[in-house]
Amino acid sequence: MPAKYRNFRNSVPWLLLILEAVFIVLFYFLSPDEKSISMSEFSYPAFQDVNHMVVFGFGFFLMFLRRYGFSSTAFNLLIIAFGVQCSMLIENLLIFLHLRQNELGLRRITKATVRMTAVVISTGAVLGKTNPIQLIVMTIVELIFFQISQWLSNALLKIPEDVSMMHVHLFGAYFGLAVSFHFSKLSQDNDKNRSTPKSYLLSMLGTLFLWVFWPSFNSVLAVNNKNKVIYNTYFALAVSAVTAFILSVLTTKDGKLRMTHIHSAVLAGGVAIGYSARSINYPWIAMVLGLLTSVIAILGSSCLQRCLHPALKIHDTSGVHFTFGLPAVLGALAEVILVVINNWTELARLGYLVMTYIGAFCLTISVAWVTGFLTGFIIKLKPFKTTSVPKCSDDQFFWEFPHLAVGF
Amino acid sequence: MPAKYRNFRNSVPWLLLILEAVFIVLFYFLSPDEKSISMSEFSYPAFQDVNHMVVFGFGFFLMFLRRYGFSSTAFNLLIIAFGVQCSMLIENLLIFLHLRQNELGLRRITKATVRMTAVVISTGAVLGKTNPIQLIVMTIVELIFFQISQWLSNALLKIPEDVSMMHVHLFGAYFGLAVSFHFSKLSQDNDKNRSTPKSYLLSMLGTLFLWVFWPSFNSVLAVNNKNKVIYNTYFALAVSAVTAFILSVLTTKDGKLRMTHIHSAVLAGGVAIGYSARSINYPWIAMVLGLLTSVIAILGSSCLQRCLHPALKIHDTSGVHFTFGLPAVLGALAEVILVVINNWTELARLGYLVMTYIGAFCLTISVAWVTGFLTGFIIKLKPFKTTSVPKCSDDQFFWEFPHLAVGF
Amino acid sequence: MPAKYRNFRNSVPWLLLILEAVFIVLFYFLSPDEKSISMSEFSYPAFQDVNHMVVFGFGFFLMFLRRYGFSSTAFNLLIIAFGVQCSMLIENLLIFLHLRQNELGLRRITKATVRMTAVVISTGAVLGKTNPIQLIVMTIVELIFFQISQWLSNALLKIPEDVSMMHVHLFGAYFGLAVSFHFSKLSQDNDKNRSTPKSYLLSMLGTLFLWVFWPSFNSVLAVNNKNKVIYNTYFALAVSAVTAFILSVLTTKDGKLRMTHIHSAVLAGGVAIGYSARSINYPWIAMVLGLLTSVIAILGSSCLQRCLHPALKIHDTSGVHFTFGLPAVLGALAEVILVVINNWTELARLGYLVMTYIGAFCLTISVAWVTGFLTGFIIKLKPFKTTSVPKCSDDQFFWEFPHLAVGF
């Protein structure tokens, strides 16, 4: 199929090159002057943890497809290196328009990296079904609309930035699902869509990374109460992990553990606690939340994959719906309940607060669905298409392969 | 064997669920109020290093069995997530009983994680021979008795807590060995007990992690002289690593390197220096200690596996006896010698100090042997049994397997 | 070939043992007293990042040879554990001779680890073609001459130490190339010299580590402007990564991505920015530099491997010439250009500065070539030889192998 190959060569590099050139030019005009910032401390190890988690953790977390290891991990690096620049530019533009406050460079990179998590989660939903061009377009569109949705939360609903940032999982999961709606479901019999024990193990490696670094992720932008956020996140993750093992045995047919359950459910607690970690005062609340999230992630995994997804014709390759989507919904709900409990005495303020949080939730999820659906429609159009369905999930389409490919 | 499977499903999840529920209830009653603590600084990166090391490093360090990769790494995550909660609860209880001082949450989690190292080391000795129920019971019992042994050291012998904490390796190794006494030796011919180059490489990955993070582990609870602890630990590890290569070539039959030697001996120096790193003033002492430990680990590995273990009918799957046990004994001995040298002038105090250190050592090791032996006896009883010997060291007993399992 | 094996056993361990004993004795005499140091802060996490990167990142980065995985990663650990001690000793000697200022132990270990990068890069050029003895000799000689070259830069040309330290890549790459000149080119048909998808993936794992930790590496010794160094390095790396994907598609025959391009070019930006990161005030400059470096790395990779290397009879196993050598040359050039631009107004000082930087560059590269060439000549001599050419790049020559080696 030389035509297809030429297509790949003719489009991807030139698009990337033009965009990269545009970025450099824009950075020339749009770099905020750091001298005007009152020197607030920002910790480099905290940024490093998040960077490590996104590049390495997600890179390997998504590596469970048998013949898509190279692409999973390398395209993940590509969109992060590309997306962080894009996200920084959007932030710089907002600073120039005085819509957002100027901040230290290191803090802006960290925020850009946290925002990229949304994109990385979205790519999980269409893993193996998109080519790099589609991923690049998706990255740009998603970052722009996530910034808009976040700015609306901040400006209209007065949600502080470090809270609205925790909507990344929600936005990423539902944006990704809406995009995946347009990508034909790969048949379950598709040989390339299977996993091998080896690919599961490498994916487990990524999962452990994410598990270990999740407290850093939740606390990196917290202004105060950092220790409390770390403490609560750790407990939610710990209970989540234990519950994942419990439910995996209970829900599988012959009472064995299923690796995909463990992969998704151990992380669920960390996603759900993201919203409310700073306001939980007792570890048992974090633990209960971790337990419930894990239950929802595993039950969701069974129900969604059996009932809802086939009905909606969604094929969610790496299960972002139950790994990140449902836990984020539960977390948002838990936040509202906690707000109600904590402000029970001041009824006037309570109503306003609840409306604010519900408003931010509805705003994020509806922007995600609508823009995701449109993005999926656009990147399915002819100019972006390079992969035919049978070529899906196959490294050989994108990569020169060593001749000795036995035993992979 | 459907009866066995049902047995696994009927026991593991319900036991875990009940315990997790009990934990949540206990945390409701037993969470110390942090407001009463004078805000002492505690570094999050230090906790993160130890967490990373225990979850990721040990998870992969134990992954050398050919068909036990899923279980090694996932059960390691399970017992850590479970055990840290359990260990925190015991600590909280001691605080409530005013037997121990209240501390910052982050510091309490760190201590719980360090204590879990003992359990992780013990599981290494019975790797592939226990089911999750037995591991859970073992975790709870071991944590309780390690806390008791530590509390006795602190209260009776006035050993400071950061020193008595370094007994984790000693306790873990000998508890594990005593437990493994009850588990029938798997025949050396057992096909599943072998390693492949791939499983060795993944285990090497874990070893490198442990090697890199060992200075963090030894220094995380040190109150002062942190830099000195890091410095000495690094030198002990470096000399240990070099010596491991020297001795591996000298002791194998045809003068080649053996991977298991490298795995265990490079870490030996870090274990031994744990006790005395804060009191060593010159790097050459740390280097000599690193060299001696590596010698003992490798010679021990040959002698123990050929003579002592078969005689005692012990089968120590991942060699915790020579990786952690013997180096910890040597480290304790070195500590006593250093105490004698440093306090040579004050003979009155010297006798007391030496008795204290020897007392703490004997206390730890005897509690470990006795409780380990009893624990092994109990978890070998009928209600905890699910695995038959031929099913040992096999992921297929616990995990749903992808259909394409070729090349693993 | 029993004679060869005996040779390996008879030489490696005894040489290492004697050297290790000498080191311990020298450390006894040559440990600077830390009490005289005004307690300057030095961050442990920064050291940890560099340590992690060198041991783990390079260990896996070099693991792309099909049958050389054990040796790549374990010999890397060996020479680092050995070389850091050696490098510390040379530094201590310089402190005793009052040629260098005394510093905190942790800072001296960090500097020793950074210097080891030069050696690790050099070993990449002769990967699979040298035995441990040759590596050890090479390590000692290279560390001594790098220290001399650095000391000359500091003393004669008044280059500050944290700048001259960034010559590690330049020195390491050209020293390694000069050594590799003496090692017969392994035929491209050599079966052992190939990579499998699995070995590429593990190497990708190492690359991601290096990519994530490169900002730490560049900033670890920076005295001030740490944040700026991190910020600029991140941008150079990000653009480098994107450009690597662009050029890989454009330069390969059928428009696919080539893994080796990605491995080397994503890091090129970090290498080049090392010199000038502290003096770049706008991210777009770092981005342009990252783009140019990546272009040079990939074009260099095609040209060098096709034209220059065969002509010079050089076989550069892991492509250190275009991964580290050319980017470092470009970085040095960029530094000179930036100096010219920044000091345009003071013509008198400008000439001096430019001469200084060019002098340091020429000094480093010529010392590297000359000493590398001599070292290669010496370690090719009879007493150091143990491996015959057909035994190259083969773990089985150095390691006892598990019996079940299928599927590796």
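**Figure 1. Contact between helix H3 of chain A and helix H9 of chain C in the predicted model.** On the H3(A) side, the residues in contact are A:Ala74, A:Phe75, A:Leu78, A:Ile80, A:Ala81, A:Phe82, A:Val84, A:Gln85 and A:Met88. They meet C:Tyr231, C:Tyr234, C:Phe235, C:Ala238, C:Val239, C:Ala241, C:Val242 and C:Phe245 in H9(C). Sorted by class, this contact holds 16 nonpolar residues, one polar residue and no charged residues. Helix H9 of chain C covers residues 226-251, and its axis comes within 9 Å of the axis of H3(A), with a crossing angle of roughly 130°. That angle makes H3(A) oblique to H9(C). The crossing of these two helices is left-handed.

**Figure 2. Packing of helices H3 and H4 inside chain A.** Helix H3 spans residues 69-96 and helix H4 residues 105-125. Their axes lie 8 Å apart, at an angle of about 130°. H3(A) and H4(A) are therefore oblique to each other. H3(A) passes H4(A) in a right-handed crossing. H3(A) contributes A:Asn76, A:Ile79, A:Ile80, A:Gly83, A:Val84, A:Ser87, A:Met88, A:Glu91, A:Asn92 and A:Ile95. Facing them in H4(A) are A:Arg108, A:Ile109, A:Lys111, A:Ala112, A:Thr113, A:Arg115, A:Met116, A:Val119, A:Val120 and A:Thr123. The contact consists of ten nonpolar, six polar and four charged residues. A:Ile80, A:Val84 and A:Met88 are among the H3(A) residues that meet H4(A), and they are also among those that meet H9(C).

**Figure 3. Contact between helix H8 of chain B and helix H2 of chain C.** H8(B) comprises residues 197-219 and H2(C) residues 44-61. The two axes come within 10 Å and cross at roughly 160°. That makes H8(B) roughly antiparallel to H2(C). The crossing is right-handed. From H8(B), the contact includes B:Leu201, B:Leu205, B:Leu208, B:Phe209, B:Trp211, B:Val212, B:Phe213, B:Pro215 and B:Ser216. From H2(C), these residues meet C:Tyr44, C:Gln48, C:Asn51, C:His52, C:Val55, C:Phe56 and C:Phe60. By class there are twelve nonpolar residues, four polar residues and no charged residues.

**Figure 4. Relation between the chains.** A turn of 120° with a shift of 0.0 Å along the axis lays chain B on chain A, with an RMSD of 0.0 Å. That is the relation of a three-fold axis. Chain A can likewise be laid on chain C by a turn of 120° and a shift of 0.0 Å, again with an RMSD of 0.0 Å. Of the contact residues of chain A, 7% recur in chain C, and the copies use different surfaces. For chains B and A, only 7% of the interface residues of chain B are also interface residues in chain A, so these copies meet through different surfaces.

**Figure 5. Confidence along chain A.** The mean pLDDT of chain A is 86, and 91% of its residues reach 70 or more. Among the elements of this chain, helix H1 (residues 2-29) has the lowest mean pLDDT, 80, and helix H7 (residues 168-180) the highest, 94. Over residues 1-6 the pLDDT stays under 50, and the model has seven contacts beyond four places in sequence for this stretch. Residues 404-408 also have a pLDDT below 50, with 13 contacts in the model beyond near neighbours in sequence. Where pLDDT is low, the predicted coordinates should not be read in detail. For the complex, the predictor gives an ipTM of 0.91 and a pTM of 0.92.

How values were computed. Residues numbered from 1 in each chain as written. Chains lettered and ligands numbered in written order. Predicted model: local features only at pLDDT ≥ 70, side-chain atom pairs only at ≥ 80, totals over all residues. Heavy atoms only, no water. Least-squares fit on C-alpha atoms with pLDDT ≥ 70 in both. Contact = heavy atoms within 4.5 Å. Axes fitted to C-alpha atoms, helices over the stretch in contact; angles between N-to-C directions. Helix = DSSP H or I, 4+ residues; strand = E, 2+ residues; numbered from the N terminus. Parallel < 35°, antiparallel > 145°, perpendicular 65-115°, else oblique. Left-handed = near helix turned anticlockwise from the far one by under 90°. Nonpolar A, V, L, I, M, F, W, Y, C, P; charged D, E, K, R; others polar. pLDDT = per-residue confidence, 0-100.
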